[in-house]
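Thanks for asking me to look this over. Here are my notes, jotted down as I went through the model.

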Amino acid sequence: MLEIVQLTRRLGPGFVLGPIDLSIAPKEIVCLVGHSGCGKSTLLRLIAGIEQPDSGTLQLDGKMLAGPGVFVEPEQRNIGFVFQDYALFPHLTIEQNVMFGLRKWSRDEAKERAKMLLSLTALSAMADRYPHMLSGGEQQRAALARALAPEPAVVLMDEPFSNLDRDLRERVRSDTLALLRRTNTTAIIVTHDPEEALSTGDRVVLMKGGRVVQSGTGRELYDHPSDPYSAEFFSTFTRVPGVYRSGQVHTVLGAFPCWQEVADGSAAVAYIRPQAVYPTVAGNALTGIVRSRSFRGEIEQLELIVDGLESPLIMRTTQHLDVVEGKLRFRIDEDAVFTFADPQP
Ligand SMILES: Nc1ncnc2c1ncn2[C@@H]1O[C@H](COP(=O)(O)OP(=O)(O)OP(=O)(O)O)[C@@H](O)[C@H]1O
């Protein structure tokens, strides 16, 4: 168990990380996500011991790694690190790279362990090659094999897939997750990609401005965002202003269930997901003028001009639509609409 309590770190005059409270269970794979500059790498460096916290504590399996008067050096922490650029040693072969963290092991045991990891990462045939002779995906696997070799309690991975092109990325990501699961490894994976965060690991921790905004499964964050920031991080929305009245938010597109206890008459915003808007032939439907259509393969995105709405309503559908005279009748699935108090009433 990795236990982070009230951890803080000031960087320069403008940025403070924390206080961060976070517990990570054994074998859990956590995805740390947030926009550039929110402090993901700083948190990872604090856990690895590359940075020292200003206050708070960090414990691993009950052992204090950082806290008042305590600082365990990175190489003593039993924590592995996979860097964004993989940081393989260029003058060592792949096998020697994997054996690098095993200098305290007997040579035979280290060889055996490296052989096993090279086999697990499908790199056995490349054991004697140097890093520059490997593709990006292979280098990533070699970096992971090197990090896993000393049987770390936790592996930290900083944007491990961002240097790979899209097709390769999906495959390397699913191979990596399978390997982490097979080796029962606890891992923290940093990404700035919302989709990657939702699809990777057991839990997503969303950060903003050095703090944790929300933590939960991908499904929880997507379906139950705690605030507008969390909602908009993972999805596109049309924001529609409204007013709270009798437990509902009333807008020009209708009334939607209220997510928060708010006084009647206060300003609110309904966040409408493009998928919540669907075409219909029903008589009592809303009507929009189609401003644009963009076909994207599996889905089509439309922008609808609706009376009383300042910005166009975005709609996504998998249906083939016959739009007659530029008009479209639509409905909104109210269960897919989030409502929050207006941040700037
Ligand atoms: N050594 C430093 N001195 C001063 N400020 C720093 C230092 N290192 C990082 N920062 C600032 O701290 C903030 C957090 O940086 P950090 O690298 O942790 O963010 P990040 O979320 O990992 O971003 P990215 O996704 O771009 O890597 C940024 O605003 C950055 O400019």
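The points below go through the ligand site, the sheets, a pair of helices and a few backbone details.

1. Before anything else, keep in mind that this is a predicted model. Everything below is a reading of that prediction.

2. Let's start with the ligand. Its surroundings are made up of Leu11, Gly12, Phe15, Gly34, Ser36, Gly37, Cys38, Gly39, Lys40, Ser41, Thr42 and His192. Sorted by class, that shell has 3 nonpolar residues, 8 polar ones and 1 charged one. Which helix gives the most to the shell? That would be helix 1, residues 40–48, with 3 residues.

3. Helix 1 is worth following a bit further, since you'll also meet it at a sheet. It lies across strand 1, strand 2 and strand 4. Relative to strand 1, helix 1 runs at about 120°.

4. Now for the sheet that those strands belong to. It is an open sheet of 5 strands, ordered 2-1-4-5-6, and the pairing is antiparallel. Strand 2 (15–24) and strand 6 (70–71) are the edge strands, and each has a single partner, so one side of each has no neighbour in the sheet.

5. If you want to check the pairing by eye, try strand 1 (residues 2–11) against strand 4 (residues 55–60). These two pair in the antiparallel sense over 5 bridges. Which residue of strand 4 is the bridge partner of leucine 2? Look for leucine 60.

6. Two backbone details in this part of the chain deserve a quick look. The peptide bond from glycine 18 to proline 19 is cis, with omega near 5°, and proline 19 is found in strand 2. Then there is aspartate 61, whose phi is near 45°, a positive value in a residue other than glycine. Aspartate 61 is found in the loop between strand 4 and strand 5 (63–67).

7. On to the helix pair. The axes of helix 4 (residues 136–148) and helix 5 (residues 166–182) come within 10 Å of each other and cross at roughly 20°. Why call helix 4 roughly parallel to helix 5? Because angles under 35 degrees count as roughly parallel, and the crossing here is at roughly 20°. As for its hand, the crossing of helix 4 and helix 5 is right-handed.

8. Who makes that contact? On the helix 4 side you'll find Gly136, Gly137, Gln140 and Leu144, while helix 5 brings Leu168, Val172, Thr176 and Leu179. By class, the contact between helix 4 and helix 5 comes out as 4 nonpolar and 4 polar residues, with no charged ones.

9. Further along the chain there is an open sheet of 5 strands in the order 14-13-12-15-21, with antiparallel pairing. Strand 14 (254–257) and strand 21 (337–341) stand at its edges with a single partner strand each, so one side of each is left without a neighbour in the sheet. From one strand to the next, the twist averages 40°.

10. Here are two pairings to look at within that sheet. Strand 15 (residues 267–272) is joined to strand 21 by 5 bridges, and the two run antiparallel; tyrosine 271 has phenylalanine 338 of strand 21 as its bridge partner. Strand 13 (residues 248–251) is joined to strand 14 by 4 bridges, also antiparallel, and valine 249 stands opposite phenylalanine 256 in strand 14. How many residues lie between strand 13 and strand 14 in their hairpin? There are 2 residues between them.

Conventions
Residues are numbered from 1 along each chain as its sequence is written. This is a predicted model: local features need pLDDT of at least 70, side-chain atom pairs count only at pLDDT 80 or more; totals for chains, interfaces and linings use all residues. Axes are lines fitted to C-alpha atoms, for helices over the stretch in contact, and angles run from 0 to 180 degrees between N-to-C directions. A crossing is left-handed if the near helix is turned anticlockwise from the far one by less than a right angle, and right-handed if clockwise. Two residues are in contact if their C-beta atoms, placed from the backbone, lie within 7 Å. Ala, Val, Leu, Ile, Met, Phe, Trp, Tyr, Cys and Pro count as nonpolar, Asp, Glu, Lys and Arg as charged, and the others, Gly among them, as polar. A residue is near a molecule or strand if its C-beta atom, placed from the backbone, lies within 6 Å of it. Two strands pair if DSSP finds at least two bridges between them.
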